[in-house]
Every structure is written in structure tokens, then in C-alpha cells.
Number of protein chains: 2
Amino acid sequence: MTDTARRPRRRASSDADKEERRRQLLAAAKTVFARKGFHAATIADVAREAKLSYGSVYWYFDSKDDLIHALIESEQEALRHSVEAAMRSAASDDPLAAVRAAIRATFVFFESDSRATKLLFRDALALGGAVEKHVHGIYERFIVDVERAIVAGQRAGVLADAPAHLAAYSVAALIGQLAQRRSQTDDGIDAEAMADFVVWFLMDGLRKRDPS
Amino acid sequence: MTDTARRPRRRASSDADKEERRRQLLAAAKTVFARKGFHAATIADVAREAKLSYGSVYWYFDSKDDLIHALIESEQEALRHSVEAAMRSAASDDPLAAVRAAIRATFVFFESDSRATKLLFRDALALGGAVEKHVHGIYERFIVDVERAIVAGQRAGVLADAPAHLAAYSVAALIGQLAQRRSQTDDGIDAEAMADFVVWFLMDGLRKRDPS
DNA sequence: CCTTGTAGATTGATTCATCAATCAGTAGTG
DNA sequence: CACTACTGATTGATGAATCAATCTACAAGG
């Protein structure tokens, strides 16, 4: 069905090979965990998906927890890279442009990979303590940036007074929930339109503006 | 610590007794599941918490799945009742009042019961298919109401044009995420102030309004 | 080039622990 | 006395983690 199907017969000897094998295992784990959920999925499932034996999984990862941990970390990094790249290439004259670009990149990222969505939103929560903190981290960085932008806007007199941190958290929460929803139900709205809706909603709210 | 501590010695014979015993088991399950999470919690934990024997749990519930299912259903009903009562007693002259009342009631409900929060937001997602649908249900009802209100507001010309369903979903998502956040971190904002912030944010957005 | 030695990658049967679910037995209640 | 709520030891299944055996890729010496 996917490119994962090619069975790796050759044994990994060089460091590059081993890294590649590790990547294959992470890819298999991503598929399996996204399909069945972390708890329901077994190491045997992952090994089967990766066309490797049960024991080999333990050659590359210490435990099932270690595996999901590494996986979530790598997905988070991918998302962060994607968002940061989008923000860098945004026009710098419009202060809203960077925000819009970041939000768009987020929706595009999740749209292009529904497995990542399930992983980050469903499984990350299903795990206790350690990972929960970890997931909080990915939000936190984003929230700090947004909060800073909001405060700047308030100083400049273009944004209303409001608890900036709470508002920033709300932005992140809304984006996350909508991204998750998109992975489950299709309402025919593409990722960029969705992002634009979010930006509009966050900026102007539901109440009709007087045309001034 | 709680009223759950009183050990039930007397055997439940009447229908009322049996219903009470069932309630006790649900209360115990709520405590245990909220503390350890659904997967990590065992039936033995629940039995111990309820001061009943292992086998008795199976006298009242068919399976562990049946138990969590019944529990989530009862929590959802409690939330729905609480919100509906608040809306009924809201002033009917201000169209925003009912919305504000509903949002307040939601935050108050979750604030008064952090176990319910964990249950509905963490465990419900960790479970697969059937329960996921079920949880979707509680949102859906709320969303339909909000959507209707939004459309009415748009007809009356006081709300901006926007995809009403998406906006309604956003409202629900924001409330849910913020309620969940409150159960984890305390930022010294009480439930009603939080609700008022949400209403303001949803209505007016971040951009400063012209004082007209 | 062709051995042949070896480190370490790969295997999967086995171990060990956990826990849901059952069931035969016990005792409270009407 | 009969009914049925209740008990908790037992069973059976599952699955994470281990480990001794096997195999392979590479290298060093002929």
C-alpha cells in the first residue's frame, strides 16, 4: 500500500544504515499508532509493519515508551520546522502576515499527514505525565511568540486590552482543535481558507463591525 | 476523603438499593479513572475504591468498557442538565445573556469537578470508535444550538457573515480547551471571569474597536 | 581475489507479569 | 427455605521485555 512495503533484507551495518533503519521503525510505529492508538498497538504490530522481527525493535529502542516518545518528538520537530520556515518567508511589512503564515503552515502540515494529527492530538494525551509536559512544550513556544505579538499590538494601540497570555493560549487551542477536526471530517474547506477563517475570527470576532 | 468512604455492608435488595449501589460504583470508577486513566486503572482498583469485591463490579456492569461507557454518559448528562438549567434561568431580553450563561455554567461545572474534566477530555479520547462518537454527541448538540443562534444574529444584522457551523464549532472547541486547561494550571481567574473573557473574545476579537 | 574470524545486527521462542472475565461457593434477606 | 447479591480464587489471554542462538557484513591475512 505504501512505500513502507519494500522489505529491508540487507542488515544495517554502517551508521547511516542504522539511522535509516531507525527511521523505518519510526515510520512503521507512526502508521500503527495512528491506526490503532498507542495502547491498543503492540510492538509486534510495529515489527510486522516494518518487516522486522519483534526483537529488532528492542535493538533500536529501549521500550515501547521510548518508541512513542522518540516518535512524538520527531513529529513535533517536523511541525516546528514547517511553521518556522513559513514565518521566515512571510512578508515582514504586514504584522499580521507572519501570524497568518504560521497558521496556514500548521493547517497545511496536518492536512498533509493525518497520521501526525492523530498521534499528536490523541495519543500524546493518552500518555501520562512525561509526554503531557512534552506536548505542552510545542504549544508553549508558539504561545510565547503569539503573546509577544499581542502585547506589541496592544502597545501600538491596534489590539484591544485583554489578558495576553490567555488570548495567546486561546489562539493555539483553537488552531489545534480545528486541525484535529479536519482530520476527521471533511467540510470541503481547504487548509488555507481554514487558516484565513481562523485569523479573521481571532481578529474581529462574530459581532458585526461598523463600516467606518 | 469523600462520602465514598462509608462502606456498604448491607446487601442491596430493593431496586432503589441496587440503583444506589450502581451509583456508588460509578462514583468509585470516576475517582479511579480520573486518577490513573482508563487503561492504567483496573477493575480491582474500582472495587477497592467502592469497598466491594472484584466480582461485584461484574454483577452491575458487563465489562470494563460497559463501565466507562455508563460513566461518561452520566457525566455528559450532568453537564447538559447544568448548562440547560443555567440557560433557562437567564434573562431573555438580552440575546447574549443565554450564551453567556451557558458558557459560565460549563466553566463552573468543570471547575467544581476536576475528575469530570479528566474523564471527558482525556479518557474519552483515549478510547476508540464507539466512545469517540459518543463524545462527539455532546458537542454536537451544543454546536447546533450555537449555530442556530449565530444564524439568527446574522439575519438580524448584528453578527458578521461567517460559516456559521465552523464558527459554532470554534466556540465549543475554545470552551472545551480552556476548561481542560483550567483543571491543570491555575492562573487565578475564576470560572465566571473566564466565561466572560471567552464571550468577549468570541464576539469582538482581538482587534481594537473604534469607539463609535 | 578468496578465505575465515568476528562484532554486532537480527531473530523469535520463552519468560514473566498483568488483568479482564468467569464461576463455584457463601451468606444476607424476604 | 429460596432467591439472589456478593465473594475472591482461578483461569486464560495478552503483551512487554529478555536472551541465547543464528546469521551477515565487513576486514584482515593469506
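The surface near DNA strand C mixes all three residue classes: 8 nonpolar, 6 polar and 6 charged. Keep in mind that this is a predicted model.

Who sits nearest to the strand? Of the 20 residues around DNA strand C, the nearest are A:Arg11, A:Arg21, A:Ser56, A:Trp59 and A:Tyr60. Now turn to the DNA side. Of the strand C atoms within 4 Å of the protein, 59% are sugar or phosphate atoms. The rest belong to bases.

Let's take some single contacts. A:Ser53 uses a backbone N or O atom, 2.7 Å from a phosphate oxygen of DNA strand C. Chain B takes part too. A polar backbone atom of B:Lys64 is 3.0 Å from a phosphate oxygen of the strand. B:Arg11 goes to a base instead: a side-chain N or O atom lies 3.4 Å from a base nitrogen of DNA strand C.

Which elements give two or more residues to this surface? They are helix H1 (15-36) and helix H3 (54-60) of chain A, plus helix H3 (54-60) of chain B. H3(A) gives the most, with 4 residues.

Next, the domains of chain A. Domain 1 covers 7-61, and domain 2 covers 69-204. Their contact takes 13 residues from domain 1 and 12 residues from domain 2. The centres of the two domains are 30 Å apart, over C-alpha atoms. About 940 Å² is buried between them, and carbon and sulfur atoms give 65% of that.

What about charges across this interface? There are 2 salt bridges. A:Glu75 pairs with A:Lys30 in a salt bridge, with the closest N and O atoms 3.1 Å apart. On the domain 1 side, the touching residues are 7 nonpolar, 3 polar and 3 charged.

Definitions and conventions: Residues are numbered from 1 along each chain as its sequence is written. Chains are lettered from A and ligands numbered from 1 in the order in which they are written. This is a predicted model: local features need pLDDT of at least 70, side-chain atom pairs count only at pLDDT 80 or more; totals for chains, interfaces and linings use all residues. Side-chain values use heavy atoms; hydrogens and water are left out. Domain bounds come from an automatic or database domain assignment. Contact means heavy atoms within 4.5 Å. Buried area is the accessible area (1.4 Å probe) that two parts lose on being put together, summed over both. A salt bridge is a side-chain nitrogen of Lys or Arg within 4 Å of a carboxyl oxygen of Asp or Glu. Ala, Val, Leu, Ile, Met, Phe, Trp, Tyr, Cys and Pro count as nonpolar, Asp, Glu, Lys and Arg as charged, and the others, Gly among them, as polar. A residue is near a molecule or strand if one of its heavy atoms lies within 4 Å of it. A polar contact is a pair of N or O atoms within 3.5 Å; within protein, one must be able to donate a hydrogen and the other to accept it, and residues adjacent in sequence count only if both atoms are side-chain atoms.
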